[in-house]
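Work through these exercises with the model in view. Try each task before reading its solution.

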Amino acid sequence: MEKHNFVTIADLTKEEILYLIEMGQEFEKHPNREILKGKVVATLFFEPSTRTRLSFETAANRLGAKVIGFSDAKASSVTKGETLKDTILMVSNYADVIAMRHYIEGAAQYASEVAPVPVVNAGDGAHMHPSQCLLDLYSIYKTQGTLENLNIYLVGDLRYGRTVHSLITAMRHFNPTFHFIAPPELAMPKEYKIYCNEHHIHYVEHEDFNEDVIADADILYMTRVQKERFSDLMEYERVKNVYILRNDMLGKARPNMKIMHPLPRVNEIAFDVDNNPHAYYIQQAKNGLFAREAIFCYCLGITLDDVKADKTIID
Ligand code: CP
């Protein structure tokens, strides 16, 4: 079987993205199977996580694999000085695929070059979060019926938010119009604006966040201000509550508009939004299970045809 790493969404073609979404749809129909029976999945989390780690582990468990790993590197031999290279080589002795979150940008790429088994990037610093991106694409496709020609509003911490960086990269295939809503301190980094220009992605920058600005959004993608990435906590204190979405700001929203958020939220979405039909962030996180089932299969060389023909479904 051919093995694939899943380190950056930029590696994927349009056809591969749509293929993985279709595979995720198969898993949404039947999430419980034994298609990975006999496999071992390792989850190595050098940074905190709730959704990503638990949904990767749930994906493995629901597909019949066994799971090893750590949720806190302090409980590993990293504390004794073991290098990332040696850690990855050791875990490769035990597991068929590694899902890793690390605070250093590029750590997953490095691990994928060292490891004899496929590596999934579960987030590397402020850089990329490709499995989140696939579940975001899955959620957009599921709610809009297409990925093409959408107005996507990215709001909040566009400087450190790795999910929005990944989303821009993936959406280059689908002719989006992006609206970047951020204060100057959290503005979209120049490199991603250059990326947009190079790939003919239309974008508009705003500092105001109100119901008129977001009225033509198809997707309103809120983000948390990433406290853990700030070297100056005074700066964090100045911007932490810069934008808060409230229910009374949604009166002019398009009927199809969905509010997404990679979560966790702090206070950028008021609780009174949760029962609004535009709110989609809880279902979005659920879609992570189906997307991550597809990612493990993709990494292990299991094809869409294999999944469609799978006879190990447990209903
Ligand atoms: N969206 C996301 O990455 O959440 P966690 O940090 O809880 O994994």
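A salt bridge is a side-chain nitrogen of Lys or Arg within 4 Å of a carboxyl oxygen of Asp or Glu. Glu47, Arg162 and Arg229 are linked in a network of such bridges. The model is predicted.

**Exercise 1. Describe the overall build of the protein.**

Solution.
- Step 1: Start with secondary structure. The protein has ten helices and nine strands.
- Step 2: Judge the compactness. The radius of gyration is 19 Å, close to the 20 Å that the globule rule gives for 315 residues, so the protein is as compact as a globular protein of that length.
- Step 3: Box it in. Along the principal axes, the C-alpha atoms fill roughly 55 × 45 × 40 Å.
- Step 4: Look inside. Buried residues make up 56% of the 315 residues.
- Step 5: Check the contacts. Of those with a separation of 6 or more, 76% join residues 24 or more positions apart.
- Step 6: Turn to the surface. The accessible area is about 13600 Å², and 49% of this belongs to carbon and sulfur atoms.

**Exercise 2. Take stock of the charges, then examine two salt bridges within helices.**

Solution.
- Step 1: Count the charged side chains. There are 34 positive and 43 negative ones, and the centres of the two sets lie 4 Å apart.
- Step 2: Recall the principle. Side chains of opposite charge can pair when their charged atoms come close.
- Step 3: Count the pairs. The total is 17 salt bridges.
- Step 4: Go to helix α1 (residues 14-29). Lys29 and Glu26 form a salt bridge, with 3.0 Å from N to O. The two are three residues apart in this helix, so about one helical turn separates them.
- Step 5: Compare their surroundings. Lys29 is exposed, at 55% relative accessibility. Glu26 is buried, at 12%.
- Step 6: Move to helix α2 (residues 51-62). Glu57 and Arg53 both lie there, four residues apart, about one turn of the helix. Their closest N and O atoms are 3.3 Å apart, in a salt bridge.
- Step 7: Classify Glu57. Its relative accessibility is 16%, which is under the 20% cut-off, so Glu57 counts as buried.

**Exercise 3. Is Asp248, the partner of Arg246 in a salt bridge, buried or exposed?**

Solution.
- Step 1: Confirm the pair. The side chains of Arg246 and Asp248 meet at 3.2 Å, N to O.
- Step 2: Read off Asp248. Its relative accessible area is 54%, and Asp248 is exposed.
- Step 3: Set Arg246 beside it. Arg246 has 38% relative accessibility and counts as partly exposed.

**Exercise 4. Find unusual backbone geometry in the loops.**

Solution.
- Step 1: Know the norm. Most residues other than glycine have a negative phi, and most peptide bonds are trans.
- Step 2: Look for a cis bond. One joins Leu263 and Pro264, with omega about 5°. Pro264 sits in the loop between β9 (258-260) and α9.
- Step 3: Look for positive phi. Asn149 has a phi near 60°. Asn149 lies between α5 (130-144) and β5 (151-155), and it is exposed at 51% relative accessibility.
- Step 4: Add His200. Its phi is about 55°. His200 belongs to the loop between α7 (190-198) and β7 (202-206), and its 71% relative accessibility makes it exposed.

**Exercise 5. Where does Ile302 lie, and how far is its C-alpha atom from that of Leu36?**

Solution.
- Step 1: Locate Ile302. It is in the loop between α9 (281-299) and α10 (304-308).
- Step 2: Check burial. Ile302 is buried, with a relative accessible area of 7%.
- Step 3: Give the distance. The C-alpha atoms of Ile302 and Leu36 are 9.3 Å apart, although the two residues are 266 residues apart along the chain.

Key:
Residues are numbered from 1 along each chain as its sequence is written. This is a predicted model: local features need pLDDT of at least 70, side-chain atom pairs count only at pLDDT 80 or more; totals for chains, interfaces and linings use all residues. Side-chain values use heavy atoms; hydrogens and water are left out. The radius of gyration is taken over C-alpha atoms; the globule rule is 2.2 Å times the number of residues to the power 0.38. Buried means under 20% relative accessible area, exposed over 50%, partly exposed in between (1.4 Å probe, protein chains only). Contact means heavy atoms within 4.5 Å. Accessible areas come from the Shrake-Rupley method with a 1.4 Å probe; for residues, only the protein chains shown count as cover. Lys and Arg count as positive and Asp and Glu as negative; His and the chain ends are not counted. The place of a charge is taken as NZ of Lys, CZ of Arg, CG of Asp or CD of Glu.
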